[in-house]
Every structure is written in C-alpha cells, then in structure tokens.
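Colleague: Please take a close look at the salt bridges in this model. I would also like to know what surrounds the parts of the chain that carry them.

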Amino acid sequence: MPEKRMERKTSSLNMEKDTTKLWNLTKALNDEGSKGQKITLEDEGKTITGKAAANTFAKEIRTEIRERKETPAHDIMQTDITMSEMKQSIRKLKKKKSPGPDNITNEMLQHLGNSSLNTLLDIFNLSWRQGQVPQCWKDAIMMPILKKGKNKSKASSYRPISLTSSCCKLLERIINKRMHMYLESENIIGNEQAGFRQYKSTEDQTTHLSQVVEDAFQSKKVTLAVFVDLQRAFDKVWKDGLLAKMLRYGISGRMYKWTKSYLYNRRARVLVDGQCGQKVLLKQGVPQGGVLPPTLFILFMNDLVPELPKGVQSALYADDLVLWCSEEYASTAKYRIQTALDIIVTWAKQWCVTINREKTTGTLFTLSPKTQSVKLTLDDTPLKMEDQQTYLGVTFDKRMTWKQHITSAEAKARRKLNIMRKLAGTKWGANEKILKSVYQGNVQPHLEYGSSAWMTAAKSHHQT
C-alpha cells in the first residue's frame, strides 16, 4: 500500500465511534478477506481446489491410518472382559426395550444362569481378542417414526429408530465405559463439550451462555453469538476420519480393532406395517441405536473448537454448537466471530461435515435501543440474524428479558395440567399419589427446565 494512501487511511480512523475501518485495514494488510477462504492445496507442483482437494484430504487420512504406528495400548484397551464388568452392565439394562433382529431381549439377558453367563462371557472375549464383531450383531431393523407436525405422505417426514442386537449393546456398554474412562482420565475431550458426558447436561451450556451475556451487560458490552447447525452430523460421520482421530488420541490395540470392525459392513432393513424391506448397506455415519456411537461422535467432534481466535468462546452439546464474543463494540465482535466462522467452515470441509446454512443464525445481545447491523457470512453466504434463538430448549432474546421462553413454558405446562384435570374429574377420580406423579413428570419439568439460565427475568415475567 503506498505511503500517502496509508497515511490517509490511518488518519481517518476514529476508535471512539467505529472500529470497523481499523479491522478492515488490518485484514487488508494481512491479505485477509471478509469471506471464508477457499482451501487451496499443492499436489505434485499443481494447485488443486474443490473436489480434487477433498480427495487429497481423504487420501492423506487413509495414508495416515495405514502408516501411523499404534501407541502402546492402555491396559483397559487390552485386558479381557471380566464377569464383574458384564454383570454390572447387565444390571443397568432397561426393561421393556424392543429387541434387535435376533429377538433377544434385555429381560432374557438378566435371567441367564451361571452356565449361560460364562458362555456369553467367552463369546464376548473371543470377539474382543480377535477384533471381530459378528455380522448378525451389525444388522439392524429400522422403524420410521413420523416427526411432529410433518406430512405423513413424505418419506422425509420420518426419522428412523434402529433396533440392534441386545447382546451387542451389552458388549458395547462394557467397551464404552472403558473408552470413557480413558478419554476422561487423559483429559482428551475438551471442556466445551457437555454431550454424553457424566455430570454434564444441557443446562450447563444454557446457564453458561446466559451468564456470559449478563456479565457483558453489566460491563456495558455486547455479545455476538452464532448458533451453528450441523446437518445430520451423527448420520454422516466420516468413518475413516473417525479412525484416524482415534489413533491420534491414543486409542489402539483391541479397542481400536474391535471398533473398526463394529463400524463397517453394517446393514439395515426398514420395517413398515410388519413387513421388512431389503437389506441396505449403511456406508456413512456412526450406527444408530447403539451404546458406543455417542462417545465415538463426541470424539470425532473434539477438534472442532480448540483453535478459535482470541476472544471467541464456544459451547457444544454433541453437535449443537454456539460461538460467542463479548466486546465493547459490535464491530470488534463481528471481526472475531467472522474469523471463527471461517475456521469452522474449513474444518467442516476437511472432515466431510455439512453446515446447514438455513438453520445457522446469529444474534447480537445488547441493551442498546439503537438498531445495530451486523453482517456475517458463512462460506460466502450471508448469515441470517435473529432477535431470539432457541438453544437446547431455552429461548434467548437479544435483551435477555426471557419473556418468550417463560410464556412458552407456561403454555406447555397449562396443556399438561388439563390432563390432570381430566384424571381428577373422571367418575372414579385419580388419587393424590397418581396426580402428584403426573405433575412431577409432565408439568413441573416444563416450568423448571433452564431456570438456572432465566432466573434473572423480571418478577412480572415469573408470575403465571
């Protein structure tokens, strides 16, 4: 940039009123654009982008899996499964659960005698030592369940429920516990992730975000947040990428080999009106209906947020991601969040994850009565900005009044109260114990959920 032009640029900056010009100048000096940068790779002297670049990433991952030497396996990844582990897992099985294709129920497993338990343990250890999952354990029956308020005549209106082998899920439960112990003891899973982890819940994340925004208001700052929607992330996990990450995080030995066998060659048949369709090979994603897949999923997502720019924080619950930045000026927060979005887009392309551009939206939390325009882009597409967001079942509005959330919770609770009135008003009438149970299970949760986040609401909103 010529010196005179540079002088004119810097002399026109006014940090008291607007920092946008400063950030635009900084990006120009660093050869940065406001939009997400396209991934450009060098391969044998040629510049490649798009599909060719994606294929190169895939080739690199497969090469890494072949060439990466397994680290010495931790004891819990190698030692035989014990009778104590199996019995403990059997006690935790839930009753009245539908069986998989083999028609073996949890109740059957819970009533096995000593001889049968020993045989089952031998089968588990044979599978564990050889790193092989029997094909019959990898078959599933999928039952389509209509989504609320959707058109019954369209296949896209249904979500699949997978019924898999109870025996396999019992073994998964044992392996999953061992994997969790390793990941948590080694502090591998980031603190941002609360999904499928012991002693963590959705309310941890909603309360955290609420406190951040309230703290910013107290400091006369604004908070810019983006709620990122990853499209069917669970169903589209790149299996080779997952295996590469398992090796990177030190999962090896029997645990790695068994999980690899568990992931591949999975088949399913759809059950409709008592009739099963033909078997279909499931090529993408981690298996639905299993015990182990949630842990594998959060492991796959683990490297999504650690390298965000300074000033940007995040919270994850499985694949529900929110990014935020609190600053004195909205323009400063916008620059930092845009940089973070570009990082997320690059990660998604590299690991074959699709970001839903329609459902990914942003909100500027501010007490200022003035309308402030914030323009963000998601891979060259303008990001929608909204005045309120529903995150993990809690509705945040830009001024944090909580009016919309409390009104909605009240409406849901009143609908449930009508059930209690009907129960109490029948000819025989429900007794006090039944009514109390109905209230605690169906009414109270609507009134209390997320209360640690919206407890700062005005007293007028709390009155119902």
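**Salt bridges and their surroundings**

Modeller: Glutamate 184 is partly exposed, at 31% relative accessibility. This is a predicted model, and what follows should be read as a description of that prediction. The side chain of glutamate 184 forms a salt bridge with that of arginine 197, with N and O 2.8 Å apart. The two residues are 13 apart in the chain, with glutamate 184 in helix α7 and arginine 197 in the loop between α7 and α8. Arginine 197 has a relative accessible area of 8% and is therefore buried, as the limit for that class is under 20%.

Helix α7 takes part in another such pair. Arginine 178 meets glutamate 85 in a salt bridge of 2.7 Å, N to O. Because arginine 178 belongs to helix α7 and glutamate 85 to helix α4, this contact ties together parts that lie 93 residues apart in sequence. Arginine 178 is buried at 5%, whereas glutamate 85, at 21%, counts as partly exposed.

A further bridge joins aspartate 80 to arginine 129, with 2.8 Å between the closest N and O atoms. Here aspartate 80 sits in the loop between α3 and α4, and arginine 129 is in helix α6 (residues 114-130), 49 residues away in the chain. Aspartate 80 is partly exposed at 31%, and so is arginine 129 at 47%. The search of the whole structure gives 14 salt bridges.

As for surroundings, helix α7 (166-185) is among the elements that cover the buried residues of α11, together with α9 (239-248), α10 (253-263) and α12 (330-350). Helix α11 spans residues 293-300, and eight of its eight residues are buried. They include Pro293, Leu296, Phe297 and Phe300.

Ahead of α7 in the chain comes strand β4 (residues 158-163), which holds isoleucine 161. Isoleucine 161 is partly exposed at 31% and joins Met143 and Ile145 in a nonpolar surface patch of about 190 Å². Leucine 163, also in β4, is buried at 13%. Beyond its close sequence neighbours within four places, leucine 163 contacts residues including Pro99, Pro101, Ile141 and Met143. Its C-alpha is 10.0 Å from that of arginine 269, a residue 106 places away in sequence.

On the other side of the loop that carries arginine 197 is helix α8 (residues 202-218), where threonine 206 is found. Threonine 206 is buried, at 0%. Apart from neighbours within four places in sequence, it touches Tyr391, Leu392, Val394, Phe396 and Ala453.

The nonpolar interior completes the picture. In soluble globular proteins, nonpolar side chains tend to be buried together. The largest nonpolar core has 81 residues, of which Ile251 and Leu323 touch the most other members. A separate core has 20 residues, among them Leu209, Ala225, Val322 and Leu392. Leucine 323 has contacts that include Leu224, Ala225, Leu308, Gln313 and Ile344.

Finally, Gln313 also leads to a sheet: it is the bridge partner of tryptophan 324 in β10. Strands β9 and β10 (residues 320-327) pair in the antiparallel sense over five bridges. They belong to an open, mixed sheet of five strands, ordered β9-β10-β5-β11-β14. Its edges are β9 (313-317) and β14 (384-385), each of which pairs on one side only.

Note on methods: Residues numbered from 1 in each chain as written. Predicted model: local features only at pLDDT ≥ 70, side-chain atom pairs only at ≥ 80, totals over all residues. Heavy atoms only, no water. Helix = DSSP H or I, 4+ residues; strand = E, 2+ residues; numbered from the N terminus. Buried < 20%, exposed > 50% of the residue type's maximum accessible area, 1.4 Å probe, protein only. Contact = heavy atoms within 4.5 Å. Patch = residues over 30% accessible without salt bridge, like charges linked within 9 Å, V, L, I, M, F, W, Y side chains within 5 Å. Areas by Shrake-Rupley, 256 points an atom, 1.4 Å probe, with all protein chains shown as cover. Salt bridge = Lys/Arg side-chain N within 4 Å of Asp/Glu carboxyl O. Core = buried A, V, L, I, M, F, W, Y, C linked by side-chain atoms within 4.5 Å. Pairing = 2+ DSSP bridges.
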